[in-house]
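Open the model in a viewer and keep the selection panel at hand. The stops below go from the chain pair to a cavity and then to a single residue.

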4 protein chains.
Amino acid sequence: MLSRNLHKLTRPLSTSTRAAHSVGFIGLGNMGAYMASNLLSSGVSVKAFDLNPEAVNDLKQKGATVADSVESMTDCETIITMLPSSPHVQATVTTLLNAGWEGKTWIDSSTIDPIVSKNLGEALAKEGKGKIDAPVSGGVKGAAAGTLTFMVGGESSTLDAVKPYLETMGANIVHCGANGSGQTAKLCNNLAMAIQMVGTAEALNMGDSLGLDPKILAGIMNTSTSRCWSSDSYNPYPGVLEGVPAGNDYEGGFGSSLMLKDLGLATSAAGAVKSATPLGNATKEIYTMMESMDMGKKDFGAVLQFLKGNCGNKKC
Amino acid sequence: MLSRNLHKLTRPLSTSTRAAHSVGFIGLGNMGAYMASNLLSSGVSVKAFDLNPEAVNDLKQKGATVADSVESMTDCETIITMLPSSPHVQATVTTLLNAGWEGKTWIDSSTIDPIVSKNLGEALAKEGKGKIDAPVSGGVKGAAAGTLTFMVGGESSTLDAVKPYLETMGANIVHCGANGSGQTAKLCNNLAMAIQMVGTAEALNMGDSLGLDPKILAGIMNTSTSRCWSSDSYNPYPGVLEGVPAGNDYEGGFGSSLMLKDLGLATSAAGAVKSATPLGNATKEIYTMMESMDMGKKDFGAVLQFLKGNCGNKKC
Amino acid sequence: MLSRNLHKLTRPLSTSTRAAHSVGFIGLGNMGAYMASNLLSSGVSVKAFDLNPEAVNDLKQKGATVADSVESMTDCETIITMLPSSPHVQATVTTLLNAGWEGKTWIDSSTIDPIVSKNLGEALAKEGKGKIDAPVSGGVKGAAAGTLTFMVGGESSTLDAVKPYLETMGANIVHCGANGSGQTAKLCNNLAMAIQMVGTAEALNMGDSLGLDPKILAGIMNTSTSRCWSSDSYNPYPGVLEGVPAGNDYEGGFGSSLMLKDLGLATSAAGAVKSATPLGNATKEIYTMMESMDMGKKDFGAVLQFLKGNCGNKKC
Amino acid sequence: MLSRNLHKLTRPLSTSTRAAHSVGFIGLGNMGAYMASNLLSSGVSVKAFDLNPEAVNDLKQKGATVADSVESMTDCETIITMLPSSPHVQATVTTLLNAGWEGKTWIDSSTIDPIVSKNLGEALAKEGKGKIDAPVSGGVKGAAAGTLTFMVGGESSTLDAVKPYLETMGANIVHCGANGSGQTAKLCNNLAMAIQMVGTAEALNMGDSLGLDPKILAGIMNTSTSRCWSSDSYNPYPGVLEGVPAGNDYEGGFGSSLMLKDLGLATSAAGAVKSATPLGNATKEIYTMMESMDMGKKDFGAVLQFLKGNCGNKKC
């Protein structure tokens, strides 16, 4: 299926003699490095930049061209950004526009403020460029396996133009609506997920405290009206499920600090439109407390241990 | 299968010449009336009591014997209670014991405080009686269809003795553990469910406020990490799903007042063992506010309207 | 003034040849021992009971008669209880009534559920006895100095009859209203106080995190619209005030576990009448977490350290 | 005292032949109009700008010179801004700097994000200008009477230079620390105040629901450990105090929408430094709900009515 898609893709690119590199990839972190690798494996020409030289070298070994600055990527037809925060993405867009970027389409896969994302799309449109916001779910595992889900906001035509790239990196591409709505969808999902995780942890901990076996309780919940992904696929109580972070001292999952970042973005966006998220805010404060208690690197299911009073505090 | 089960049941009952009525059923409310009907339909002899004469008469027409007081049910081999609150169940147990109840097994299907339930089991055990707590999930529909889930706490031998009765009223019988643990399981499930519902409503409302189509967002959530029953089977946003209370002005579901009652029991039980439920308590307060704003009779998914500021307040 | 009051008091007592001891004091804990001492110092005849023999012996040295059981206090004209929880008070009332208590007035200075307190008052009234609920504020220091504040619920005539006793133990006697309303007043005060303490700690910690000197901030708050007792008289930030628990590693104040107990009673009473206390419940959950993290014995101002992530956890 | 201060002030100004107007005042809203009036009354030469022509004309009648744009205020020695939000202040600073502002000192009395405020101070310092953040408390009444409190962040020398101006508008000038710390102090105070108000309302409402007279309860609270400004000077229960918004259907005080704005700034600033404010966030959500229910224009003490379920909702 990939070859078919890339076939579609190469046609417009072949008419472009200008673009030495079809894709410029900026941000080779845990997720970005795998995503760029998957592009390369599918035969896409990639020019890569990151502040971390090791990350860039690793990708160079896999066939990427290396950029020594953002400014030197003006020849890239398409730019993909996978960056930590709104200001990083804003700065990168500004830099490339100021440097005279010749390309056509920007794919921002970072998770950032939906309102910032919307504004960036409008700024790029004024310059005649297309932009989609395409944050992902699926984690590092999904990035490695090329099975990410992309939640896309932006024009259909822009999405269509770069869909083959997304298909090398992900298994599901969901068009959520206009510019910015991919970010909104991502944040709404993570807000609800975080609340569900804390709720699941509260129920399992409460049952445990009252003498109910967590495995039995999880079995009931998973076949009943409190069934949810955090309980049936990612249960935070050690021993209930195999192969989840709870069984590995909460290592290797979705870190509590990252969840706190997403909750900050979500509650900020909700606040900007005066949409009440009482549990979302309460959940954000719980993850803030966990961060203060040195639990930020643990999987977000470690909230179960926080509720039990088993913090990871090194200060006490 | 039912006939096989009742065959098993009738053997011990046939040796008892004393028990004119195998089952005494106390509490013929929305749920109880259907449950007692299902017992009758399966050929079980039922003696029924309720303070509401209409409810009793309805059941009489279906073949039940009518009791004019709790005291007159001392001849019932098994007592089933389906009552609104802990004090009702406590009073009924005391009354029947004081009246010289001759039966052997008490099935309490009310949703009450797990600690009260445990104490009642111990009190009955001292008198040589068996007791299981067997609260249900499945709602009025499940009660009518005989497809309830029973969450059972108590001795296995006690459960085995009355399982055929439960099988006439429900489709799933889950043995959760010792005396009281059925109540604990029910409350843990409902605590988690309520939190998930509010979280789902917050995400859908926030998305909507930011311009994201609730149907698209629900589609993403339901195939992603915020998938849960409140979203994929009982979605609170009108128009997302067919046949759920949200599509019918939140009529005919699980009332917010009933959810408030269960949240009160859950947080009280958690408080008694000092188990933190921050989101559970915040959720309880949200349903308390909804009750103050005349939304108590609406399905608990109406929290979405509360978040939007569309209260049902008649006072303003 | 005391002698005048006791003069009033001794008149009715002098007509009673039956009452060997005017006051029976049950519950010689941290507070109760001082209160009973102050009664003795004022010349009141006291018969004392506690499960702790040391506490009883200490009071014996100060002139009290010792009771070896609650039942042996039936000759006490007035009973004062200073006990840890609702069930203790209920059991004590039941025991004394069953044993044929001959006295007239019950003063319950314990902090308990206002609804239980009201019910006890009604039960005693049926037996022709007067009862006031008279929980205190002022802490161990106030108990020692005889400067407690009594918040009294009950009939004026009952209060008048025993006011001289209260005046030996306290400096302020506030009649709050009918039977039970003393408990309500105490719990409302402590609910608001706990919320204010957490709010003060949040503001001071936030200011500190943003680089603002806590002493300067406290100075501003204390002369402005966020002025409150928790800030101007009991500031939780170490170094802001002299002579408060924050300056002594949060030792020797009002323990977080005791605050948790009062918040449990307050939110339970509010829940019973469906009165929303969203911040009260959130505060209760914070103190529940602190208890889980071994901070229960610290003064309730230690919430500032909890917010900073400096828990007292011995488990991690 | 004012004349003495202005005497000090006029000396440096008299040496400046360049500055036609000593003070440029931008933002003549409810507060700003009174503040500018007080400057004029003290003999200060004021050049004023606002988008609202009525506000400008009113001030012109009092002796101000009118500016038809921000750019035309480059000759003002000192600029005072009293604007609604961070972006307004940022835009005004940028505009004036770009237009070649010749003055020396900027006083920002708006309530804005402390981190934005700090950044603006640094940007102005690079241009050789002094800046203080000087948000106020005291409300419209304090602005009218010239009795505001200024919470000042910035260099002492900068503050000293403009203190006489502040003294015409306020009664208290508190130097909180470095650039930005005035905003931090203001937000910390308002965060704590809002939490205290909600806590006071919860206690009074709960007491009322349990049958306790709010006046009696307020009397107890105000002489006890839950004493706070929201209770003893601004009580939200109608009838407890004279001359407060609660006695006037919550008209004419500090609007709930304004409190929501400040809570948004406070929790955002706290979030930026990962300082947990669980009650602050819960309070923000309560005021978000009130806004959704058309209570935004009511004084922030109207939270008591919200807790009672008496929303101001026009939609239901």
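**Chains A and B**

Select chains A and B: a turn of 180° and a shift of 0.0 Å along the axis lay chain A on chain B with an RMSD of 0.0 Å (least-squares superposition on the C-alpha atoms of residues with pLDDT of at least 70 in both). The two copies are therefore related as by a two-fold rotation axis. Next pick Cys228(A), the residue of chain A that comes closest to this axis, at 2.0 Å (C-alpha).

The model is predicted: local features need pLDDT of at least 70 and side-chain atom pairs pLDDT 80 or more, while totals for chains, interfaces and linings use all residues. Residues are numbered from 1 along each chain as written, chains are lettered from A and ligands numbered from 1 in written order, and side-chain values use heavy atoms, without hydrogens and water.

**The cavity**

Select Ala282 in chains A, B, C and D, plus Pro278(D): these lie nearest the centre of the largest cavity, which is lined by 30 residues. Helix 12 (278–292) of each of chains A, B, C and D gives two or more residues to this lining (helices are DSSP runs of H or I, at least four residues, numbered from the N terminus). By class, the lining has 23 nonpolar, 3 polar and 4 charged residues.

**Val93(C)**

Go to helix 4 (residues 86–98) of chain C, where Val93(C) is found. Val93(C) is buried, at 3% relative accessible area (buried means under 20%, with a 1.4 Å probe and protein chains only). Beyond its neighbours within four places in sequence, Val93(C) contacts Trp106(C), Leu120(C) and Leu124(C) (heavy atoms within 4.5 Å).

Terms used: Buried < 20%, exposed > 50% of the residue type's maximum accessible area, 1.4 Å probe, protein only. 1 Å grid on protein atoms, 1.4 Å probe; cavity = no way out; pocket = protein on both sides within 12 Å on 5 of 7 lines; lining within 4 Å. Nonpolar A, V, L, I, M, F, W, Y, C, P; charged D, E, K, R; others polar.
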